[in-house]
Amino acid sequence: MDTKRSRTGDIFKLMPSGGEAIVLSRKAADLCITLRNVAEDTSDGQAFPIPYEGKVVAMAARALEACTEGGTVEMELGEAAQIAEVAHFLEAEKLTDMVCTRLADLITQMGSAEAVCERFQVECELSPEERKALVTTEAPWEPPPSTKAPPPKPAPIRRREGPSI
């Protein structure tokens, strides 16, 4: 296998489960630790198998290409979660950062904790009255108890009495 040739190629192919190969630029592939590691063992034209559906891999590839240019890609909540899985698998830090930022934006746009809980099917064990009490009650901040003894106070300065010079 000619490893020099595979490292200098302009493209990298991903083979999703049950789909056609997806082409990724070498620059985008270099953002992924996993793909950099396998690039040494694959020749040009050989596709790297990836255990995700073709649609998800295509979305992740499009987002990776955008990362190479410092851009971003619009995605829905479900898509962002799927792309995050692929980013984790590929060990693509820039893609993970992009997706997490997008997820944070989407969650912020939901507007309320109730909307987030409803969307993610999280059940709150508190009654509405208990939740309201938690939100409206202000607990004064108290510093944590100190385990050390307080420092000693400095001795007062005494004036010497006696003849002045």
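# A tour from the sheet to the helices around it

Begin by selecting β1 and β2, which pair in the antiparallel sense over four bridges; two strands are said to pair if DSSP finds at least two bridges between them, and strands (E, at least two residues) and helices (H or I, at least four residues) are DSSP runs numbered from the N terminus. What you have open is a predicted model, in which local features need pLDDT of at least 70 and side-chain atom pairs count only at pLDDT 80 or more, while totals for chains, interfaces and linings use all residues. Residues are numbered from 1 along each chain as its sequence is written, and side-chain values use heavy atoms, with hydrogens and water left out.

**The sheet**

Stay with these two strands and look at their hairpin, where four residues lie between the strands and glycine 18 takes a positive phi near 65 degrees. Then add β3 to the selection: β1 (residues 11-17) and β3 pair in the parallel sense over five bridges. With the three strands shown together, you see an open sheet in the order β2-β1-β3, with mixed pairing. Its edge strands are β2 (22-25) and β3, each of which pairs on one side only. From one strand to the next the twist averages 35 degrees, where axes are lines fitted to C-alpha atoms (for helices over the stretch in contact) and angles run from 0 to 180 degrees between N-to-C directions.

Now select leucine 14, which stands opposite phenylalanine 48 in β3 and has isoleucine 22 as its bridge partner in β2. Further along, serine 17 stands opposite glutamate 53 in β3. When you inspect side chains here, keep in mind that in a regular strand they alternate between the two faces of the sheet.

Next, show α4 (54-68). This helix packs on the sheet and touches β1, β2 and β3, and its direction makes about 15 degrees with that of β2; contact means heavy atoms within 4.5 Å.

**The aromatic pair**

Which rings should be selected next? A search of the whole structure finds one aromatic pair, for which the rings of Phe, Tyr and Trp (its six-membered ring) must have centres within 6.5 Å, with planes under 30 degrees apart counted as stacked, over 60 as edge-to-face and the rest as tilted. The rings are those of tyrosine 52 and phenylalanine 89, and because their planes stand at 75 degrees, with the centres 5.8 Å apart, the pair is edge-to-face. Tyrosine 52 lies in strand β3 (residues 47-53) and phenylalanine 89 in helix α5 (residues 77-90), so the pair ties together parts that are 37 residues apart in sequence. Tyrosine 52 counts as buried at 18% relative accessibility, whereas phenylalanine 89 is partly exposed at 30%; buried means under 20% relative accessible area, exposed over 50% and partly exposed in between (1.4 Å probe, protein chains only).

**Helix α5 and what follows**

Extend the selection from phenylalanine 89 to the whole of α5, which has 14 residues and reaches 20 Å from its first C-alpha to its last, close to the 20 Å expected at 1.5 Å a residue, the expected span being 1.5 Å times one less than the number of residues. Colour Leu77, Ala80, Ile83, Val86, Ala87 and Leu90, which are buried, and then display what covers the buried residues of this helix, including α3 (33-39), β3, α6 (93-109) and α7 (113-119).

At the end of the helix, pick glutamate 91, in the loop between α5 and α6. Although glutamate 91 is not a glycine, its phi is positive, at about 55 degrees, and the residue is partly exposed, with a relative accessible area of 41%. From there, move to threonine 34 in helix α3, which touches Phe48, Phe89, Leu90 and Glu91, not counting residues up to four places away in sequence. Threonine 34 is buried, with a relative accessible area of 12%.

**Last stops**

Select glutamine 121 in the loop between α7 and α8 (128-136). Glutamine 121 likewise has a positive phi of about 55 degrees although it is not a glycine, and it is exposed, at 71% relative accessible area.

Finish with the cysteines: the structure holds zero disulfides, a disulfide being a pair of cysteine sulfur atoms within 2.5 Å. For cysteine 32, the nearest cysteine sulfur is that of cysteine 67, 8.8 Å away. Cysteine 32 counts as buried at 0% relative accessibility, whereas cysteine 117 counts as partly exposed at 27%.
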